[in-house]
Amino acid sequence: MEASVATFRSYSRFGNLQRVWQRFQRGLARPLTPYYLILGSSALILVLGLTMVFSASQIQARLDGLPFDYYFKKQLISIVIGAGLMYLAVRLRPKTIRALAYPLMLGVIVLLLAVMVPGIGVSVNGNRNWIRLGGFLQIQPSEFAKLALVLWAADLLTRKQQMKTLNEWKHLLIPLVPVGLLLLALVLAGGDMGTAMIICALLFGLLWMAGAPTRLFSATSLLALLASAALIITVPHRLSRLSCIGATQIGPADSCFQAVHGVWALASGGLFGTGLGASVEKWGQLPEPHTDFIFAVTGEELGLAGTVSVLVLFAALGYAGIRVAVRTRDPFIRYAAGGATTWIMAQAMINIGAVLGLLPIAGVPLPMFSYGGSALLPTMFAVGMLLCFARSEPAAKAALAARSKRKGNKQARRRFLRRPHKER
């Protein structure tokens, strides 16, 4: 009898799990699921990132002789401006977004050239990739180059697909690869190796979405690896960063100081962390705690639970972006959504991989999480663009129209019930 009861309970639990899984699958299959996943995950990343910027930047601000909430306030202002850009992107039509491709690309190239002009370009941490607009206001044109490449390449590949020329390797590579190499050259001229890595990942992602043959893809990958090796070997500090992968000792002349302290911060966090604001590494031990290595401070203060939460949020954002790209019939939306998702996910993996000691330190911020307005604004516009694309699906449009109709009917019923009985 007891064995029968135990068997019944095990079947019952399995049945409950199966029902939960089926409900989960039905929820994912709904047409508005990508829209709400993108909106919810990006909002939570922004809120959690702003909280961690406030916690991680206080000591750095005091070391710089600034008010303790200086970086927090600047990040909050950037988020408010970025929210405006995101709302604008959501309200625009895909055709209008597509029309921004060439003006944005031209503007980015002009700004990248302006960085090299003495008196206009500014050098920060050895990289000359900033433009000072007055006072403490600076912009980094290379961050906007990612958005420009996504829109321009999506428009280019869409036109070539409509002309049915993407099956020819010349049309597939030209002018996509030459323009991408031009952006790479301008970005590398300023010393920004991290952004160059993301642009390379973006180019490969676009070629893969365009259906590049395996031989062409392999040959391009080999050339990119050889070029990357040459760029790393010829610059001593890049080679030293490569040698710090998996390092557990600081090494001679503190060559792996940042990488090792990042791992120590993660290791000291445990399961639930030392508590918000209780990080030890941010007290001058960990360089760039509020930008490149904010994920390490998150692991120290919020523990494994906090870092896994961040990974889950980025995974949800990536899944929703890929789903938007796969389900659409519009080639521009497919290339633009796929390119934007590739950019955000590649940047997140490069940043987190560097903090974990699995990749060399590239100096790229964690998207929408790290401090930095120049990186935040184009990323938030790209997220708004994904939301626009998610809303533009025919099934999503129908679901939104039905929801608006139900909401209108409820409001009309409430107004009717509020009227005096004699007027009904």
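Leaving aside its neighbours within four places in sequence, which residues is E143 in contact with? In this predicted model, the residues in question are T195, P365, S374, A375 and P378. E143 itself belongs to helix α6. Its relative accessible area is 3%, so E143 is classed as buried, the limit being under 20%.

Three of the partners of E143, namely S374, A375 and P378, also appear in the contact between helix α6 and helix α15. Helix α6 covers residues 141-162 and helix α15 covers residues 373-392. The axes of these two helices come within 7 Å and cross at roughly 25°. Angles under 35 degrees count as roughly parallel, and α6 is therefore roughly parallel to α15. On the α6 side, the contact is made by E143, F144, L147, V150 and L151. On the α15 side, S374, A375, P378, F381, A382 and M385 take part. Sorted by class, the residues of this contact are 9 nonpolar, 1 polar and 1 charged.

Helix α6 also packs against helix α8, which spans residues 176-189. Here the axes come within 11 Å, and the crossing angle is roughly 175°. Angles over 145 degrees count as roughly antiparallel, so α6 and α8 are roughly antiparallel to each other. From α6, the residues S142, A145, L149, W152, A153, L156 and L157 are involved. They meet L176, V179, L183 and V187 of α8. By class, the contact of α6 with α8 has 10 nonpolar residues, 1 polar residue and no charged residues.

A further helix pair is formed by α2 (residues 33-63) and α13 (residues 294-327). The two axes come within 9 Å and cross at roughly 155°. With the limit for roughly antiparallel set at over 145 degrees, α2 and α13 are therefore roughly antiparallel to each other. Their crossing is left-handed. The contact of α2 with α13 has 20 nonpolar, 6 polar and 2 charged residues.

The loops that adjoin some of these helices contain particular backbone features. The loop between α6 and α7 holds K164. K164 is not a glycine, yet it has a positive phi of about 60°. The relative accessible area of K164 is 70%, so K164 counts as exposed, the limit being over 50%. Another residue with a positive phi is M368, at about 65°, and M368 is likewise not a glycine. M368 lies in the loop between α14 and α15. With a relative accessible area of 3%, M368 is buried. K164 is thus exposed, whereas M368 is buried. A cis peptide bond is present between I174 and P175, with omega at about 5°. P175 is located in the loop between α7 (169-173) and α8.

Two further buried residues were examined individually: N129 and I333. N129 is placed in strand β2, which runs over residues 127-134. Its relative accessibility is 6%, and N129 therefore counts as buried. The side chain of N129 makes a polar contact of 3.0 Å with the side chain of W130. A polar contact of 3.3 Å links the side chains of N129 and D192. D192 is also listed among the residues in contact with N129 when neighbours within four places in sequence are left aside. The others on that list are V115, V122, I139, Q140, P141 and G190. One of these contacts, P141, has the number at which helix α6 (residues 141-162) begins.

I333 is placed in helix α14, which covers residues 331-355. At 4% relative accessibility, I333 counts as buried. Where does I333 find its contacts, once neighbours within four places in sequence are left aside? They are P94, V324, T328, G338, F389 and S392. One of them, S392, is 59 residues apart from I333 in sequence, and the C-alpha atoms of the two residues are 9.4 Å apart in space. S392 carries the last number of helix α15 (residues 373-392).

How values were computed: Residues numbered from 1 in each chain as written. Predicted model: local features only at pLDDT ≥ 70, side-chain atom pairs only at ≥ 80, totals over all residues. Heavy atoms only, no water. Axes fitted to C-alpha atoms, helices over the stretch in contact; angles between N-to-C directions. Helix = DSSP H or I, 4+ residues; strand = E, 2+ residues; numbered from the N terminus. Parallel < 35°, antiparallel > 145°, perpendicular 65-115°, else oblique. Left-handed = near helix turned anticlockwise from the far one by under 90°. Nonpolar A, V, L, I, M, F, W, Y, C, P; charged D, E, K, R; others polar. Contact = heavy atoms within 4.5 Å. Buried < 20%, exposed > 50% of the residue type's maximum accessible area, 1.4 Å probe, protein only. Polar contact = N/O pair within 3.5 Å; in protein donor to acceptor, adjacent residues only side chain to side chain.
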